[in-house]
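This report describes how one protein chain is put together, moving from its nonpolar core to its sheet and then to its aromatic pairs. The sequence and structure are shown first.

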Amino acid sequence: MGKVDIVLYSWLSASFPGRTLNQVVLTESFQGGETLRDLFNRLSTLYPTFGKLIFNGQTQRFYSHVNFIYKGEAADAIRDLDRTLEDGDEIVFVPSYAGG
């Protein structure tokens, strides 16, 4: 069993408990062999807002206004879903920004 931190910034964090300074950190436990996809599906069930704003568990897709960072790098929303979690991982979600 391990633990992972999920950090939500800006308006993505607005509906989650424990929000401070425009962010929230959720610490979740996981079982060995669990993937990002497994975690995101569980978060969509535990936190309905996660499923409405970030990851759609039915379509298995992120909403277009969300970017995520995994292990310090911009993650691919399709290819990286099946990566296996490791204890101490951090996943950061930020809203997409457009404009110049």
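## Core, sheet and aromatic pairs

In this predicted model, the largest nonpolar core has 25 residues, and those with the most contacts inside it are Phe40, Phe50, Ile54, Phe62, Phe68, Ile91 and Phe93. Two or more residues each are given to this core by strand S1 (2-9), strand S2 (23-30), helix H1 (36-46), strand S5 (66-70) and strand S7 (90-95), and H1 gives the most, with 4 residues. Ile54 serves as an example of the contacts made by a core residue: leaving aside residues up to four places away in sequence, Ile54 touches Leu8, Leu12, Thr49, Arg61, Phe62, Tyr63, Val66 and Phe93.

Several of these strands also belong to a sheet. The sheet is open and has 5 strands in the order S2-S1-S7-S5-S6, with mixed pairing. Because S2 and strand S6 (73-74) stand at the edges, each with a single partner strand, one side of each is left without a neighbour in the sheet. H1 packs on the sheet and touches S1, S2, S5 and S7, its direction making about 115° with that of S2.

The pairing of S1 can be followed on both sides. S1 and S2 run antiparallel and are joined by 8 bridges; among the residues involved, Gly2 has Phe30 of S2 as its bridge partner, while Asp5 is partnered by Thr27 in S2. With S7, S1 pairs in the parallel sense over 4 bridges, and here Ile6 stands opposite Ile91 of S7.

Aromatic rings add a further set of links, for the structure holds 11 aromatic pairs. Two of these pairs are set out below.

| Pair | Centre to centre | Angle between planes | Arrangement |
|---|---|---|---|
| Phe16 and Tyr47 | 5.6 Å | 55° | tilted |
| Phe50 and Phe93 | 5.6 Å | 85° | edge-to-face |

The pair of Phe16 and Tyr47 links distant parts of the chain, with Phe16 in the loop between S1 and S2 and Tyr47 in the loop between H1 and helix H2 (48-53), 31 residues apart; both Phe16 and Tyr47 are buried. The planes of Phe50 and Phe93 lie at 85°, so this pair is edge-to-face, an angle over the 60 degrees that sets the limit for that class. Phe50 in helix H2 and Phe93 in strand S7 are 43 residues apart, and their pair likewise links distant parts of the chain; Phe50 and Phe93 are both buried. Ring pairs also link Phe40, Phe50, Phe55, Phe62, Phe68 and Phe93 into a cluster.

Key
Residues numbered from 1 in each chain as written. Predicted model: local features only at pLDDT ≥ 70, side-chain atom pairs only at ≥ 80, totals over all residues. Heavy atoms only, no water. Core = buried A, V, L, I, M, F, W, Y, C linked by side-chain atoms within 4.5 Å. Buried < 20%, exposed > 50% of the residue type's maximum accessible area, 1.4 Å probe, protein only. Contact = heavy atoms within 4.5 Å. Pairing = 2+ DSSP bridges. Axes fitted to C-alpha atoms, helices over the stretch in contact; angles between N-to-C directions. Phe/Tyr/Trp six-rings, centres within 6.5 Å; stacked < 30°, edge-to-face > 60°.
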